[in-house]
Amino acid sequence: MVRKLSALVLLTSALSACGSDAGNNTSAGPLNVGGAFTGGVPGAGGTAPVATGTAGTVASPGSGGAVSMTGSGGVPVSSGTGGSGISAAGGATMTGAGGTTSPASGGATESTGGAGVGGTSGASAGGAAGSAGMGGGGGTGGMAAEKPACLKNSSEVVFLGDSYVNYDVAHPALQLLVAQDAVKDGALMSGQAYRSYAVAGATMAAASLNMIPPQWPQAKAASADITTVIMDGGGNDVLINNPQCKAAGSENDATCKMVVANTVMAVGNLIDDFQKTGVGDLIYFFYPHAPVGGADISDYALGILQNSAKVLSTPTFRMYVVDLVPLFDNHPEYYYIDGIHANATGEQVIADAIYQVMKDHCIAQPASKGCCMP
């Protein structure tokens, strides 16, 4: 059984992995954290382990996979009791349910067993004769997905963050633009709106008059029935408190890396409480390469977020990271005159990208869409 680790521990582990590469690890690849194998965790009905004999192999089925084997010279081959395979999660094992007999036909033939949901084939020794049998394929992404709950009230969707959400001087409020997309798509009725607690200038961890973490208890106090959180954060921790981190190469600066570390820990604490509250989906959108600078430290932080999303996502809690860099690159017309914020055009690009994630993954969708669980 995979150990259930807290969001804070997992995010901190992701930070350590990136920091050990001198700040250059911006890969979105998954991490090995707490014994979890990157290839996926066996789901219900996982694939059988493969048993190896002296002349070949034979696969004994698990609870869902079919037997797979080949033989030589047309001699029927029967497996034994089934070996114990090492599963992809924390060293746990799963054992085949006993062999079945399958004839080979004059040489090497093969029948491939069906993969269980999210399953990964194990390996063991001690099968009967045969050659190069193969079990079903392994899962991807770590966990089998469950249908999300259908949206019952638009107030279940909450926005947190800074001026990239709420800054009337530069652009319309992001929650209004996303809601407009949802209305056009039939996910909301006209007049319905999402909630927002974002404040311009808010920081994630650096001390300031406005901070993002306190926005979450405000949202819960108004209504704790929250299924989806859409947010950003961390940009002001650099721009306001540590402007030196806007320089090139800042991903290698110890102070700038500590700014990111503090931000990541604050995000981890929020995510831990999101899960306890029953939030099923988190969409975290991250900053473009603004003309004022800060691209290097931003990319460093983005890599940590992307890794964390893969590590933290489970069948009941899913984290998505929206990278604005490729959307804004070569589009100076998306920026407000300050060279930091999105203007109305750019903000609509952000809203469209966020709603596309919601649509693609059935996030905050009504029962009429048919993709969610009423």
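Begin with the aromatic pairs: in this predicted model, a search of the whole structure finds seven of them. Select Tyr164 and Tyr287, whose ring centres are 5.4 Å apart with planes at 90°, so this pair is edge-to-face. Tyr164 belongs to the loop between strand E9 (157–160) and helix H2 (174–185), while Tyr287 belongs to the loop between E12 and H6; the pair therefore ties together parts that are 123 residues apart in sequence. Both partners are buried: Tyr164 has a relative accessible area of 4%, and Tyr287 has a relative accessibility of 11%.

Next, add Tyr284 and Phe286 to the selection; with Tyr164 and Tyr287 they form one aromatic cluster.

From Phe286 and Tyr287, proceed to the cavity. The structure holds one cavity of 30 Å³ or more, and about 420 Å³ of space lies in it. Of its 30 lining residues, Gly234, Gly235, Phe286, Tyr287 and Ser298 are the closest to its centre. To display the surrounding elements, select helix H4 (235–239), helix H5 (254–277), strand E12 (281–286) and helix H6 (295–312), each of which supplies at least two residues of the lining. Colouring the lining by residue class gives 18 nonpolar residues, 11 polar and one charged.

Helix H5 leads on to the largest nonpolar core, to which it contributes the largest share, nine residues. This core has 72 residues, and those with the most contacts inside it are Met231, Phe274 and Met358. Finally, centre the view on Met231. Leaving aside neighbours within four places in sequence, Met231 is in contact with Leu160, Met204, Ile212, Leu270, Phe274, Leu282, Ile283, Tyr284 and Phe285. Tyr284 returns the viewer to the aromatic cluster.

Definitions and conventions
Residues numbered from 1 in each chain as written. Predicted model: local features only at pLDDT ≥ 70, side-chain atom pairs only at ≥ 80, totals over all residues. Heavy atoms only, no water. 1 Å grid on protein atoms, 1.4 Å probe; cavity = no way out; pocket = protein on both sides within 12 Å on 5 of 7 lines; lining within 4 Å. Points joined across faces, edges and corners; volume = space filled by probe spheres on them. Helix = DSSP H or I, 4+ residues; strand = E, 2+ residues; numbered from the N terminus. Nonpolar A, V, L, I, M, F, W, Y, C, P; charged D, E, K, R; others polar. Core = buried A, V, L, I, M, F, W, Y, C linked by side-chain atoms within 4.5 Å. Buried < 20%, exposed > 50% of the residue type's maximum accessible area, 1.4 Å probe, protein only. Contact = heavy atoms within 4.5 Å. Phe/Tyr/Trp six-rings, centres within 6.5 Å; stacked < 30°, edge-to-face > 60°.
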